[in-house]
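The report below looks at one sheet and the helices that lie across it, and then turns to the chain as a whole.

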Amino acid sequence: MALRKTNIIKSRRIANITSVVLYFFISAVFIFETTIARMPINYVYAVPLMLLAIIVLSVIIRNTINHYKLAFNVPFALFLYYTLMMLTFDWKTNHYLLIYLALCAISCIYSHFNRSLTFIIVVNIVNAFLIINNPDIYSYNTPLFLTLLNWAISIFASIIMLVLARAATIHLNKALEHQQSFMDLLDSTENYVAMVNDKNEVVYASKTLSVLTNTEDPSLVQGRPLIDLFPGKSLKIYASKMLKEKDNYAEDWEFTLNGLKRYFKAASHGLRGGSSGALISLYDMTHLAERDEIAVMKDSMKIGLFFMDSNYVIQDHYSRYLEEMLSDTKLFGKLFTDIISDSVSTNELNAITDYFNMVLERSYDQDMLDDINPLHELHYVNKETGDRKIFQFEFGTVERAKGEVFILATVYDITIRVELLQRLAEEESRRQEEMEAVFELIQVDPSTFNDFMKDMEFELATIAKIQKNETLTAHESLVKIYQSVHAIKSNAVILGLNIFGKKVHNLESKIKKLREMEGNVPFAEMLNLTLEIEKIIKEKEGFKDTIAKLQTYAGGNKNKEAAAEGGKQNVKVLLDSLSKTTAKAAEDLEKQIKFIATDIDPEAIDNGPRRTMKEILMQLVRNSAVHGIELPDDRKAAGKNETGIVKLSIKISDDKKQILIRFNDDGGGLNYQRIAEKALSKKLIKKEDANNKDMLIKAIFSPGFSTAEVEGVHGGRGIGLNLVRDRIKEINGSVKLRSEEGKGTMFLVTLPVGPDKDK
């Protein structure tokens, strides 16, 4: 644009000078021809008119802001001056055609086609008017035909001049536009570009190349040898070689500039049209080389780095170590959510995707996102390889081409660190627990403890069989495992093994959480459950070691005798266990409960399924304590004694084939309305069965059903009565329930005579 403006100023200056010269030419011709012709000229009028004309011409040239107006104003002012001189002083000249064409040329030099055309039309209209009124106005005694012929020739010449001026203006504008585009390219490009002539001198240079020489204005480097623009010896050597092969040169430059390593891709091409000049182009590859170096560093670092898009698809640029961490190959194109799906639950995966959406929105504080990061500690498991690791993820956003936002994930393997911290914490906790466990075991009756160990070993063996049973679904397995774990916990609480009981209670909580999952249970969670059960097995083995140590300290005799006695099932052991269960539950629940055993037939206990009998009675005692017996204040308000009663009777049938158990309490009885509401919410019954007591009683034996508002060690998880039903069913027994609201509940259990299955 600046170059075009410069050319316009030059053409206007030429036109202005030509206009002034033409004014003086007209004035000189007027004086010369009137003097030769000895015309009586009154210079009193002529001189002021000449002065007025030059003043008007000067004012027009100096004060016209829009230069394109000069294409009409200046030549028309000269035409008026010329016409007034002819009309005022009756001056007729033979140079009319020359002067007319000179005026047209001046108009064209101003380079505005429309104004020049307007000038030619207006001037010829005036000429037509003058010729019609005075045919010999331009010369004496000239025939009209000759005057018209001269006029036609002048019009034709002016049209040719106008056409040539138009063509020249178009070509000039195109050339200027091309040149200007090239200059704009040089100003805007980030490459180092230069055009050199046959002497290897700079004709044009980009701004970046001039800055390389500490010169801000590219025009200041024009005319200088190209090799002088490059600082440093190494760059000058590269430039010298390039200029020797400038017709077809392409090489990579590697050099140090201002203490920094730089990489250029250099190319040179000869100019067309027989010129020995060349176009030089240098592309700065430093950032790409640095990116490659960063990629090498990224692949050598022992962390995982990867990009994923808004659909959680892993992109092609990720650290090589990531494959080793995830025990997976060819990660490009895979969904990150699919990779971790076996390590989290469905609900957790939904929370993770919600978190990723928050990260992509980029409208949340990074500290807040770090605090709520659901993958701060991921227990990762690869289902195919079985590898288990613990990862810590950090997430940020990166905006790439076309404004698309990607998530940049950084993964750290913190398995060793977490496991070390866990071992330290577990070791400290283990020492503390061992001391407390010893004190708890000292107070346990050896025979009762022996029964506890046998029962626990049976339940753990049952769990092992369930885990190996491939015909069961994950949810079916969890229900059965839950029952066995619940039985172990109940027995531990009875003995006062609170530390062990809490551990089993926590395991029970994890199983309950898995049971309540919708859809498939993740493989990783089932694997974690197996590990937790193995910890319980180790705890059981630890009990044996502790008992052995206690027997050694005590001399061995008393404890060995107690252990031998504990191997025999008797009334005392069973009733003591039930009595302790009642007392423990009453204390924890802040209730007053009395256990009464009447009509206990020793033969029924000795010949019956000892373990099953013990399990179901323990669950019934706990069920009465949690759900049946009211709080002292509530019993008093209902007109009852503050102490609730649970009664038990065990008899053998007359034919010696069945054991008849009757268990009842004087509590509040079943709240059928509350049971119906809970059963409907869990979809265990249909709406039309809400008043069907048989259906409601059936519902309370379902796994996970409980009307308790709060879960605790003694109940509230809906597994107790479910365990009672399944244990009785396993040995082909039966159970009946009777309840009267406000008066209590009675269970009538019938068991076959004989030992437990798999005993």
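## Helices across the sheet

Helix α26 (residues 720–730) lies across β14 and β15, running at about 25 degrees to β15, where axes are lines fitted to C-alpha atoms, for helices over the stretch in contact, and angles run from 0 to 180 degrees between N-to-C directions. Contact means heavy atoms within 4.5 Å, and helices (H or I, at least four residues) and strands (E, at least two) are DSSP runs numbered from the N terminus. Helix α22 (residues 610–628) lies across β11, β12 (644–652), β13 and β15, at about 15 degrees to β13.

This is a predicted model, in which local features need pLDDT of at least 70 and side-chain atom pairs count only at pLDDT 80 or more, while totals for chains, interfaces and linings use all residues. Residues are numbered from 1 along each chain as its sequence is written, and side-chain values use heavy atoms, with hydrogens and water left out.

## The five-stranded sheet

The open sheet follows the order β11-β12-β13-β15-β14 with mixed pairing, two strands being paired if DSSP finds at least two bridges between them. Because β11 (593–600) and β14 (734–740) stand at the edges with a single partner strand each, one side of each is left without a neighbour in the sheet. Neighbouring strands of this sheet are turned by 15 degrees against each other on average, direction ignored.

Strands β13 (residues 658–665) and β15 (residues 744–752) pair in the antiparallel sense over eight bridges, and F663 stands opposite F747 in β15.

## The chain as a whole

The secondary structure of the chain comes to 26 helices and 15 strands. Among contacts between residues at least 6 apart in sequence, 61% join residues at least 24 apart.
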